[in-house]
Amino acid sequence: MELTHVEQLGANAKAVAVTLASASPKLKNDALAAIADALIARTDEIIKANAVDLENAVKNNMSKAMQDRLLLNADRIKGIADGVRKLISLDEVVGMVDEGFVRPNGLRIRKTRVPLGVIGIIFESRPNVTVDAATLCLKAGNCVILRGGKEAFSSNVCLTNIMRDAVAAAGLPADVVQLVQDTTRESSNQLMKLSQYLDVLIPRGGAGLINAVAQNATVPVIRTGTGNCHVFVDESADLEMAVNIVDNGKTQRPSVCNAVESVLIHRAVAEKFLPMMKAKLDEHNVTLHGDANTQNILGECVLPANEDDYANEYLDYQLAVKIVENVDEAIAHIGQYGTNHSECIVTKSLDNANRFQREVDAAAVYVNASTRFTDGGEFGFGAEIGISTQKLHARGPMGLMELTTVKYLIDGDGQIR
């Protein structure tokens with residue numbers, strides 16, 4: 001029976017998975033270096049391909065924030081290449097021994113790190129993910145099948161071809177990195193059910209994509225990405241600090257999952273803080289959606305907020321605002337609307353800080369720092385495959401360690417049970 005395009009990719013990956021899993025650290029690092037060099041050498045080619053995607057984005061009325069997410073220029077390509085080179089400097093995780101022990105019967109047991117195997121990644125319109133995901137998987141000894149969105153198709157094809165050429169030149173099979181060439185929904189559905197070949201599937205994108213994968217996949221799934229992140233400005237907060245944290249979280253790069261989407265303000269400081277926050281956000285023309293109390297303080301410039309606003313991951317220059325009575329209401333609000341990604345309290349109260357970090361259910365919980373730090377690079381992991389918002393296998397930024405599993409190696413002297 002003839003294989004479909006997606007099944008053939010799976011078969012290709014499975015065929016070379018053992019080769020990559022057993023590759024030496026030097027060979028993998030040589031392949032990463034070749035990728036980084038090729039990205040720089042072929043920058044003009046990448047920009048040309050990306051221009052096709054950007055032209056289509058304008059025709060399709062893509063938002064400015066999402067166009068920025070799609071854009072590749074010389075500086076961003078250099079940044080991507082630099083990220084690949086940073087991976088080379090990271091310690092090898094494959095073969096690492098987590099622990100070892102000897103049983104009373106003399107069996108010697110070692111718990112070691114091994115690759116997951118073949119990883120499928122479904123993602124949307126961020127072509128940098130194509131390289132980040134592929135190179136992280138390679139460093140951790142995993143083959144990868146990439147399925148990007150149609151918005152970045154031209155860029156993704158170009159980047160994947162460059163990586164395949166570089167990997168092959170370094171001495172590894174090109175099929176350790178593959179791209180699904182079909183961007184229809186059918187290809188995603190096939191990837192979700194590729195149990196014969198895939199060891200895990202990782203969706204990166206909006207809530208719609210992640211929920212669709214989680215509900216329909218027969219392959220094990222690691223949920224990532226959806227980020228309805230909050231900042232709670234407590235009554236004891238340094239208000240200048242709070243303004244800067246909100247501004248950074250919302251405007252530094254609004255289209256990413258660790259951007260701030262909602263701000264909760266203690267009633268005791270709302271009248272002083274809200275005008276300060278608005279003045280700063282006005283520099284970026286941020287639209288505010290607020291409750292009646294916020295509207296009373298700031299006036300008609302605030303759009304009335306509804307349930308959807310508080311649950312929304314805007315990924316744009318928009319922000320939901322609510323005045324709350326205390327830390328209890330802030331924690332309850334986050335529990336109702338948050339997505340278990342990243343949450344922040346700005347406070348001088350050690351009790352409130354400890355309570356917030358203890359009771360808020362999220363992968364990353366900050367005191368007096370921007371949620372924009374929830375990132376593999378910022379955590380010192382190198383790049384990341386995504387931010388896991390679930391609790392099994394991995395949570396938070398998924399670096400190299402999270403792309404491995406364990407194998408027990410047992411040595412004996414003829415023991416029988």
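Begin by selecting threonine 226, which is placed in the loop between helix H9 (207-216) and strand E7 (229-233). Since this is a predicted model, every feature on the tour is a feature of that prediction. Is threonine 226 buried or exposed? Its relative accessibility is 14%, so threonine 226 counts as buried, the cut-off for that class being under 20%. To see the surroundings, display the residues in contact with threonine 226, leaving aside its neighbours within four places in sequence. They are Gly205, Gly206, Ala207, Ile210, Glu313, Thr339, His341 and Thr389.

Next, select the strands E3, E4, E5 and E6. These four strands form an open sheet, in the order E5-E4-E3-E6, with parallel pairing. At its edges lie strand E5 (177-179) and strand E6 (200-204), each of which pairs on one side only. From one strand to the next, the twist averages 20°.

Within this sheet, turn to strand E4, residues 143-147, which pairs with E5 in the parallel sense over three bridges. Which residue of E5 stands opposite leucine 146? The residue to select is leucine 179. Now add helix H1, residues 5-21, to the view: the helix packs on the sheet and touches strand E3 (118-123), E4 and E5. The direction of H1 makes about 155° with that of E4.

The following stop concerns backbone angles. Most residues other than glycine have a negative phi. Select asparagine 368, in the loop between strand E13 (364-367) and strand E14 (387-388). Although asparagine 368 is not a glycine, its phi is positive, at about 60°. With 29% relative accessibility, asparagine 368 counts as partly exposed.

Proceed to histidine 393, in the loop between E14 and strand E15 (396-397). Here too phi is positive in a residue other than glycine, with a value near 70°. The relative accessible area of histidine 393 is 47%, so this residue is partly exposed.

Finally, move to strand E1, residues 97-102, and select phenylalanine 101 within it. Phenylalanine 101 is partly exposed, because its relative accessible area is 33%, and the partly exposed class lies between 20% and 50%. Which residues make a nonpolar surface patch with Phe101? Add Tyr408 and Ile410 to the selection: together with Phe101 they make a patch of about 290 Å².

Key
Residues numbered from 1 in each chain as written. Predicted model: local features only at pLDDT ≥ 70, side-chain atom pairs only at ≥ 80, totals over all residues. Heavy atoms only, no water. Pairing = 2+ DSSP bridges. Helix = DSSP H or I, 4+ residues; strand = E, 2+ residues; numbered from the N terminus. Axes fitted to C-alpha atoms, helices over the stretch in contact; angles between N-to-C directions. Contact = heavy atoms within 4.5 Å. Buried < 20%, exposed > 50% of the residue type's maximum accessible area, 1.4 Å probe, protein only. Patch = residues over 30% accessible without salt bridge, like charges linked within 9 Å, V, L, I, M, F, W, Y side chains within 5 Å. Areas by Shrake-Rupley, 256 points an atom, 1.4 Å probe, with all protein chains shown as cover. Salt bridge = Lys/Arg side-chain N within 4 Å of Asp/Glu carboxyl O.
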